[in-house]
Amino acid sequence: MEGGVTVILTLIIVFGGIIASVALFGAGGYVQKRKLRRMSEGEAPRPTHTVVENETRDVEFPRDPSTSPQHNE
């Protein structure tokens with residue numbers, strides 16, 4: 001009796017996992033297909049490449065704490 005319950009519960013878990021994974025991946029595929037269809041119909045603009053001409057750093061590195069700036073006194 002106990003072995004039968006274990007087998008049934010194991011099968012429920014296995015089939016539940018299969019159904020859940022098919023539902024999740026199927027939903028993702030449906031969303032991707034709908035997104036591609038919208039892009040082909042012209043609703044969403046296609047991304048464009050922008051050229052960066054200013055090559056200065058956007059992030060300034062912190063100065064070395066062992067050096068102190070020159071003060072005008």
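Helices here are DSSP runs of H or I with at least four residues, and strands are runs of E with at least two. With that in mind, the model I am showing you, which is a predicted one, has a secondary structure that comes to one helix and zero strands.

Let me turn to the surface. The protein has 73 residues, of which 0% count as buried, and its accessible surface comes to about 7,600 Å², with 62% of that belonging to carbon and sulfur atoms.

Two patches deserve a look. The nonpolar one, of about 660 Å², is made by Val7, Leu11, Val14, Phe15, Ile18, Ile19 and Val22. Taking Ile18 from that patch, we find this residue in helix α1, and its relative accessible area of 45% is why Ile18 is classed as partly exposed, given that this class runs between 20% and 50%.

The other patch is positive, and Lys33, Arg34, Lys35, Arg37 and Arg38 form it. Lys35 also belongs to helix α1, which covers residues 2-41. Is Lys35 buried or partly exposed? Its relative accessibility is 43%, and therefore Lys35 counts as partly exposed.

Conventions:
Residues are numbered from 1 along each chain as its sequence is written. This is a predicted model: local features need pLDDT of at least 70, side-chain atom pairs count only at pLDDT 80 or more; totals for chains, interfaces and linings use all residues. Side-chain values use heavy atoms; hydrogens and water are left out. Patches are made of residues with over 30% relative accessible area and no salt bridge: like charges are joined within 9 Å, nonpolar side chains (Val, Leu, Ile, Met, Phe, Trp, Tyr) within 5 Å. Accessible areas come from the Shrake-Rupley method with a 1.4 Å probe; for residues, only the protein chains shown count as cover. A salt bridge is a side-chain nitrogen of Lys or Arg within 4 Å of a carboxyl oxygen of Asp or Glu. Lys and Arg count as positive and Asp and Glu as negative; His and the chain ends are not counted. The place of a charge is taken as NZ of Lys, CZ of Arg, CG of Asp or CD of Glu. Buried means under 20% relative accessible area, exposed over 50%, partly exposed in between (1.4 Å probe, protein chains only).
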